[in-house]
Amino acid sequence: MITFSVKSDLEATVSQWARVAGDQMPFATALALTQTAKAAKEEIERQMPSLIDRPTPYTMKGFRLYPATKVKLLAEVDFRPAFGRGTAARDYLAPLVFGGERKLKAFERSLERTGLLPSGYAAVPGSAAKVDAFGNMSRGQIVQIVSYFKAFGEQGYRANMTDKRRASLARGNKRTGARGVSYFIGKPGNGRLPMGVWQRISFGAAGTAIKPVIIFVSKPSYKAQLDVPGIAKRMINERFADELRKAVGQARLTAIPRRQMTLL
């Protein structure tokens, strides 16, 4: 997404040290580019908590540094690709950098694909949602809801809840004291309450109560807030010349003398 390379004004800075560093210049330049890119990545991460409500550790690792080498004098800071069962960082951080609508999460896509989530809408936790310290719904509850509505795709169809299991869930468990639970999608209260996924809890002879688990809202659109290109430009102006000076000094200290090289 942002690159640090020997171009335009950097060429003049590099050429100033070329005679001093000699054949160690590629090493010194690669090191300076990498350190400058690292400073930009750290500044991006420093700003993120003020722009995102309770960012998770996964979100804070959303940018990755690709260091420069002597052969490829180019350091990069880009969105981290998806790893494990996670979502690619671009999917949830791009609106923060470029603005626009956020992409739907996996469970939202499942609900939309099956017609349960209206097009143009997103899902946010309701009062009955089980959320972690970062405000995200628990995976277990999401899986139960997607399974309940048989919204898993062809590859995950075995995870979809059977009618027998749904009936058992609605009855509850007297031995464990678990209340009967069922889900429905709609706007209860004669349309006065918001559209979403509602949980109906059975209290036996005392009747039932409903609580919102997921509320459907118009898909939010964001303004660009994290000025990554601006951060890159500032780091180049503030850091590159000094990083190159330090890198040249390090390169000269660690360089193998030519006479010694011929004996190896």
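Which element gives the largest share of the lining of the largest pocket? That would be H5, with six residues. Keep in mind as you look around that this is a predicted model.

Let's stay with the pocket for a moment. The space inside comes to about 1,800 Å³. Its lining is made up of 46 residues, and Thr87, Tyr92, Lys105, Phe107 and Asn136 are the ones closest to the centre. Besides helix H5 (106-113), the elements that give two or more residues to the lining are helix H3 (57-60), H4, strand S5 (121-125) and helix H6 (139-148). As for chemistry, you'll find 25 nonpolar residues in the lining, along with nine polar and 12 charged ones.

While you're at helix H5, take a look at Glu108, which sits in that helix. Is Glu108 buried or exposed? Its relative accessibility is 0%, so Glu108 counts as buried. Leaving aside neighbours within four places in sequence, Glu108 is in contact with Arg102, Lys103, Leu117, Ala122 and Ala123. Take the last of these: Ala123 is 15 residues from Glu108 in sequence, yet their C-alpha atoms are 6.6 Å apart in space.

Now for the aromatic rings. The whole structure holds five aromatic pairs. One to pick out is Tyr58 with Tyr92: the ring centres are 6.2 Å apart and the planes meet at 40 degrees, so this pair counts as tilted. Because Tyr58 belongs to helix H3 and Tyr92 to helix H4, the pair ties together parts that are 34 residues apart in sequence. Tyr58 is partly exposed, at 26% relative accessibility, and Tyr92 is also partly exposed, at 26%. Elsewhere, ring pairs join Phe63, Phe79 and Phe98 into a cluster.

Phe63 brings us to the largest nonpolar core. There are 35 residues in this core, and those touching the most other members are Ile2, Phe4, Ile44, Phe63, Leu226 and Leu244. The elements giving two or more residues to the core are strand S1 (2-5), helix H1 (9-21), helix H2 (25-51), strand S3 (74-79), helix H4 (89-98) and helix H8 (228-254). In soluble globular proteins, nonpolar side chains tend to be buried together.

What is Ile2 in contact with, leaving aside its neighbours within four places in sequence? The list runs Ala40, Ile44, Ala75, Glu76, Val77, Val228, Pro229 and Ala232. Apart from this core lies another, of 21 residues, including Ala123, Ile145, Tyr148 and Ile214. You've met Ala123 already, as a contact of Glu108.

Conventions. Residues numbered from 1 in each chain as written. Predicted model: local features only at pLDDT ≥ 70, side-chain atom pairs only at ≥ 80, totals over all residues. Heavy atoms only, no water. Core = buried A, V, L, I, M, F, W, Y, C linked by side-chain atoms within 4.5 Å. Buried < 20%, exposed > 50% of the residue type's maximum accessible area, 1.4 Å probe, protein only. Helix = DSSP H or I, 4+ residues; strand = E, 2+ residues; numbered from the N terminus. Contact = heavy atoms within 4.5 Å. 1 Å grid on protein atoms, 1.4 Å probe; cavity = no way out; pocket = protein on both sides within 12 Å on 5 of 7 lines; lining within 4 Å. Points joined across faces, edges and corners; volume = space filled by probe spheres on them. Nonpolar A, V, L, I, M, F, W, Y, C, P; charged D, E, K, R; others polar. Phe/Tyr/Trp six-rings, centres within 6.5 Å; stacked < 30°, edge-to-face > 60°.
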